[in-house]
Amino acid sequence: MVYDLLPTPENKNVWFGTEEVCKLCGGKGTLPHILNGCSIAFSQGRYKWRHDQVLREIATYTEARRKISNKNPKPLKTKDIAFVKKGETAKPQTEFESRCYLDSASDWRLIVDLDGRLKVPEEVAVTNLRPDMLLIYDGTKKMGIVELTVPGEERIEVSGELKRTKYAGLQEEGRKNGWLVQIWAIEVGCRGFPAASMASFLKEIGIHGNERRRKLKRIGEVAENASRSIWGWSHFKNWGNN
């Protein structure tokens, strides 16, 4: 799958001189088309099913980290030690940032959209946008938006930029209503390669080192296995994972 050596219709045309097309929509049967571009596969929810498989895995890790953060006492903010040379004036001291996003507050709530019903609270913003996950702390009016895309690896950067632009207006409206809104546009390639944005998100919620590497590997495996199922069913008009 990684090297596009599967017997797709397009590869068969090259290898054997046949004239095969996508079995579902009749389009050009390339691997990118089968994994992300078939209109019939899209309408049947095949790509959404893969997206939700990956989202469920990410949500599991986020929920575990949320529980740990809510239990742990919050770190005290300490001041930088400013060394001043003789005759110079000391600069104002600044506070260290929290170790991760979740350490900045307690009693976080996590809401995950696996049924298409998640809504952004109206006190934050009035919008029709449906994020994949929300991390909310009502005490200091903080909300983290997580928006996942499982694109072809060649479209990872484009997908991330589109998502960030999509939610910029919501972020600004939240700010006007007194909320600090953080947006994470995260991508996991459909062939099993998590983007840098995915690694950054895990780091920012407090998952580091070997643990982060293990989780990234597992997230990639979930995406790859789901794409393998989509490939396996690309010869059948009916979708087997309803």
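Which helices and strands do the buried residues of H6 pack against? Let's take that one at the start. A quick reminder: this is a predicted model.

Helix H6 covers residues 196-204. Its buried residues are Ser-197, Met-198, Ala-199, Phe-201 and Leu-202. They pack against two helices, H4 (46-71) and H7 (209-232). They also pack against strands S2 (133-137), S3 (142-149) and S4 (180-187). Now look just past the end of H6. Gly-206 sits there with a positive phi of about 100°.

Next, a loop. Find strand S1, residues 109-112, and follow the chain towards S2. Leu-114 lies in the loop between these two strands. Is Leu-114 buried or exposed? Neither label fits. Its relative accessible area is 32%, and buried would need under 20%, exposed over 50%. So Leu-114 counts as partly exposed.

What does Leu-114 touch, leaving out residues up to four places away in sequence? Asp-52, Leu-55 and Arg-56. Take Leu-55. In sequence, Leu-114 and Leu-55 are 59 residues apart. In space, their C-alpha atoms are 8.2 Å apart.

Last topic: cavities. The model has three of 30 Å³ or more. I'll show you the second largest. Its volume is about 40 Å³. Which residues line the second largest cavity? From the lower numbers, Cys-22, Leu-24, Ile-34, Cys-38, Ala-41 and Arg-46. From further along the chain, Ile-230 and Ser-234. By class, that lining has six nonpolar residues, one polar and one charged. The charged one is Arg-46, and the polar one is Ser-234.

That's my tour.

Technical notes:
Residues numbered from 1 in each chain as written. Predicted model: local features only at pLDDT ≥ 70, side-chain atom pairs only at ≥ 80, totals over all residues. Heavy atoms only, no water. Buried < 20%, exposed > 50% of the residue type's maximum accessible area, 1.4 Å probe, protein only. Helix = DSSP H or I, 4+ residues; strand = E, 2+ residues; numbered from the N terminus. Contact = heavy atoms within 4.5 Å. 1 Å grid on protein atoms, 1.4 Å probe; cavity = no way out; pocket = protein on both sides within 12 Å on 5 of 7 lines; lining within 4 Å. Points joined across faces, edges and corners; volume = space filled by probe spheres on them.
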